[in-house]
Amino acid sequence: MRLMVATGNRGKLAEFAAMLGGSGIEVLPLPAGAETPEETGTTLAENALIKARACHVAFGGASVADDSGLFVDALGGAPGVRSARFAGEDADDASNRARLLGEMAEVPAGLRGAEFRCVLCLVGEVGEARYFQGVVRGTIALAERGGNGFGYDPLFVPDEGDGRTFSEMLPQEKDAISHRGRAIALLAAELGVAAGGGRVTGLDHVQVAGPAGCEEAMRAFYAGLLGLEEIPKPEPLATRGGVWFRLGAQQLHVGIEKEFSPARKAHPGIRVTGLASLKERLSRAGVAVIEDGLLEPYGVNRFYADDPAGNRLEFVEIIG
Ligand code: IMP
């Protein structure tokens, strides 16, 4: 299958190519000189649709576009959908980072939380649109660190990492936990291919964390209640603690943390069929459902619940 990626951002294109290359999908860049449409939407999903649709109309065939941004808690969610133009209409990555550091100058360490969000819109051969989203939480560093990646990567320290910024990580380390990596993994699962084909040195996985001794509670929750299949610890990671489950095209790793803090909540998305019966099963077992409703603007049912270690999980219904 050929898939055109509707972006002029080389950093994004590299991540699509790395994750989908080798999977049987031929990732095509926009033809040289192709015009990109104005992003007039007010949400990531609207902008992703505008870009994917324009690409599909101009060049035919399946097209995918990403719209993404950095949402900083202390700035009320800014720069958000305006991340690419935070420092003004002629902004570049360096001036956007300088503005962010300036706005965060007085913000103390405990209040520097932020998240990257990504929405992918896939417009298929016959023009139908499908959406995939990914989120990664982290904190804004006090100064830039690292030389990889693009955009705000030198300032973003993911909660699920070891204190390095995205720019200090290898590309595949970033892809395994990033907002775009997660959305691309969902896209790949939808297209029936394994993301990361050909370039994975370790293993892509979604990681949640629990306190020492949480294995049995996690087994009861993930295998017993959710019905996920427990799998043997993958060879390259055999020395790590925790329990592994199959989660669609990915693995879910319940890691054990010596100094577990519920503040380091992960946010993996779990796609299920029969959302209503799962919700009922969870509530019969005393697991509280937090926020229940429609995932706008996709019109897809979803709810959130916390696992025994306090990691927030998003359950999204598979439709179609
Ligand atoms: P878009 O092209 O409107 O989606 O702009 C997204 C902007 O958000 C980019 O220009 C970056 O500034 C920022 N951004 C999105 N994803 C990332 C990422 O993975 N790393 C760093 N910055 C990102």
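**The ligand and its surroundings**

Biologist: Which element gives the largest share of the shell around the ligand?
Modeller: In this predicted model, local features need pLDDT of at least 70, side-chain atom pairs count only at pLDDT 80 or more, and totals for chains, interfaces and linings use all residues. Residues are numbered from 1 along each chain as its sequence is written, and side-chain values use heavy atoms, without hydrogens and water. Four residues of the shell, the largest share, come from one strand (a DSSP run of E, at least two residues, numbered from the N terminus). That strand is β3.

Biologist: Which residues come nearest to the ligand?
Modeller: The ligand has 17 residues around it, each with a heavy atom within 4 Å. Five of the 17 come nearest: K12, D153, K174, H179 and R180.

Biologist: How far is a polar side-chain atom of R180 from a nitrogen atom of the ligand?
Modeller: Start with H179. One of its polar side-chain atoms lies 3.1 Å from a ligand nitrogen. For R180, the distance from a polar side-chain atom to a ligand nitrogen is 2.8 Å.

Biologist: How much of the ligand's exposed area does the protein bury?
Modeller: The backbone also reaches the ligand: a polar backbone atom of S68 is 3.0 Å from a ligand oxygen. On its own, the ligand exposes 490 Å² (Shrake-Rupley method, 1.4 Å probe). Of that area, the protein buries 94%.

Biologist: Which elements give two or more residues to the shell around the ligand?
Modeller: One is a strand covering residues 63-72. The other covers residues 179-191 and is a helix (a DSSP run of H or I, at least four residues). They are β3 and α5.

Biologist: Is K12 buried or exposed?
Modeller: K12 lies in helix α1, residues 10-20. Its relative accessible area is 9%. Buried means under 20%, exposed over 50%, and partly exposed in between (1.4 Å probe, protein chains only). So K12 is buried.

Biologist: How far apart in space are D175 and A185, C-alpha to C-alpha?
Modeller: D175 lies in helix α4, residues 171-177. It is buried, because its relative accessible area is 4%. In sequence, D175 and A185 are ten residues apart. In space, the C-alpha to C-alpha distance is 9.5 Å.

Biologist: Where is P79 found, and what is the peptide bond from A78 to P79?
Modeller: P79 is found in the loop between β3 and α3, the latter spanning 93-103. Most peptide bonds are trans. The bond from A78 to P79 has omega near -5° and is cis.

Conventions. Polar contact = N/O pair within 3.5 Å; in protein donor to acceptor, adjacent residues only side chain to side chain.
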